[in-house]
Amino acid sequence: MPTFYRRVISPIRDLSESGKLSGLLLLLATVFSLAISNSALGESYLRLWETHIGIAPLEKTVSHWINDGLMVIFFFLVGLEIKREVLYGELTNLRAALLPVVAAVGGVTAPALIYLLFTTGTDLTHGWAVPTATDIAFSLGILSLLGDRVPFSLRIFLTALAIIDDLMAVVIIAIFYTADLNMTYLLGSVGILAVLVALNRLKIGWLPLYFLLGLALWYCVLKSGVHATIAGVLLALTIPTDAIERIEHALQKPVSYIILPVFALANTAIILSVDTLRELTSPLSLGIALGLLLGKPIGIFGACWLMIKTGMASLPANVNWRRLLGLGFTAGIGFTMAIFIANLSFSDASRIDLAKLAVILGSILSALVGIFLLRPRPDMVAATADKPKLVKEA
């Protein structure tokens with residue numbers, strides 16, 4: 001048993017504590033899903049995700065239950081992180097929050113413009129939001145791979161930026177990816193949300209009541225035409241502040257190690273063919289891949305440069321321009337949220353699959369360039385190798 005623990009359990013625990021395990025599981029799930037989709041078991045595997053389960057009026061395919069059901073929990077966690085950062089974190093101080101906020105806006109705008117540059121004049125423009133999203137788990141996982149060679153301040157900056165990016169993605173989904181509205185259910189959603197807000201204001205802290213009303217809110221939002229995941233964010237914003245950290249702690253591992261890998265399995269079940277690979281040079285694919293690879297760093301770096309040069313903000317501690325550019329490329333890892341938006345952007349299965357492949361390609365290239373730029377240069381390593389480290393970085 002001690003040998004098994006040392007060789008198997010201990011390394012897994014270390015990966016989990018460092019933040020690398022969640023990104024690794026997403027990567028393994030993607031590779032596995034692509035491999036089995038293109039094997040002799042491919043057709044059975046694809047049919048699995050299209051199997052209908054449930055009873056009317058809640059009968060959906062397995063993939064829809066994952067995207068409209070399980071992912072609500074992921075968005076609930078995102079909402080809790082947003083609320084915590086606004087109340088206690090890096091977004092509490094308006095001046096300190098200004099740089100990541102503006103950087104996030106730039107990191108959403110530039111990828112969208114690059115996508116539209118490739119797709120204007122076609123019927124593909126509805127997918128403009130696909131390359132605007134940053135995958136916080138993957139991007140922070142890349143920084144954790146580099147260990148203490150990346151300043152702690154850069155991790156904090158990327159976390160704040162990615163959370164704002166998630167908030168913007170939620171707003172984009174709510175405004176631009178809403179189907180025909182059912183006013184009855186929409187008004188029901190508003191009424192339930194009002195009750196939740198009232199409970200919060202009255203400082204009623206019994207969480208089962210919030211979750212029960214949250215379930216009703218999810219159903220009404222689902223039936224209203226607004227995407228169901230918005231219910232998760234709205235519920236999170238009404239949760240009592242003293243319960244936020246406890247719920248986050250309880251949900252972090254199930255979301256990172258179960259929900260997101262299952263999402264990856266269901267949403268990367270793509271059959272690769274010669275025609276599909278040839279389409280990687282199409283406007284749709286280039287718009288998404290280059291939007292992530294070039295748009296993110298251009299938008300983030302450009303917005304930060306403008307803010308700093310005009311004296312409205314300053315670089316985070318121990319962060320130089322090279323590291324900031326590396327962070328911009330790292331933010332180009334779209335994956336989870338980008339694939340999620342790809343599902344909402346197109347109705348044609350072949351376009352959805354192509355968009356997902358472009359997201360995967362753009363994210364991989366962004367990660368590689370980000371790692372290259374964030375790694376210390378050999379001359380810097382040599383210059384500091386003999387210097388004693390007086391203070392251990394937090």
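Seven salt bridges turn up in a search of the whole structure. A salt bridge here is a side-chain nitrogen of Lys or Arg within 4 Å of a carboxyl oxygen of Asp or Glu. Side chains of opposite charge can pair when their charged atoms come close.

The model is predicted: local features need pLDDT of at least 70, side-chain atom pairs count only at pLDDT 80 or more, and totals for chains, interfaces and linings use all residues. Residues are numbered from 1 along each chain as its sequence is written, and side-chain values use heavy atoms, with hydrogens and water left out.

Three of the pairs are listed here.

| Salt bridge | N to O distance |
|---|---|
| K296 and D165 | 2.6 Å |
| D275 and R278 | 2.8 Å |
| D68 and K60 | 3.5 Å |

Take K296 and D165. K296 lies in helix α13 (residues 283–309) and D165 in helix α7 (residues 152–176), so their salt bridge ties together parts that are 131 residues apart in sequence. Helices are DSSP runs of H or I with at least four residues, numbered from the N terminus. Both K296 and D165 are buried. Buried means under 20% relative accessible area, exposed means over 50%, and partly exposed lies in between (1.4 Å probe, protein chains only).

D68 and K60 are another buried pair. D68 has a relative accessibility of 10% and counts as buried. K60 is buried too, at 18%.

D275 and R278 sit within one helix, α12 (residues 274–278). They are three residues apart, about one turn of the helix. Both are exposed.

Salt bridges also join into a network. Its members are R84, E85 and E248.

Now the loop between α5 and α6. T132 lies in this loop. Is T132 buried or exposed? T132 counts as buried, because its relative accessibility is 2%. A polar atom of the T132 side chain lies 2.6 Å from the backbone oxygen of A129. Leaving out residues up to four places away in sequence, T132 touches G107, V108, P111, A112, D165, I172 and K296. A contact means heavy atoms within 4.5 Å. Two of these neighbours, K296 and D165, are the partners in the 2.6 Å salt bridge.

G121 is found in the loop between α5 (94–119) and α6 (136–145) as well. G121 counts as exposed, at 78% relative accessibility. Its C-alpha atom is separated from that of E50 by 33 Å, and the two residues are 71 residues apart along the chain.

Technical notes:
Helix = DSSP H or I, 4+ residues; strand = E, 2+ residues; numbered from the N terminus. Polar contact = N/O pair within 3.5 Å; in protein donor to acceptor, adjacent residues only side chain to side chain.
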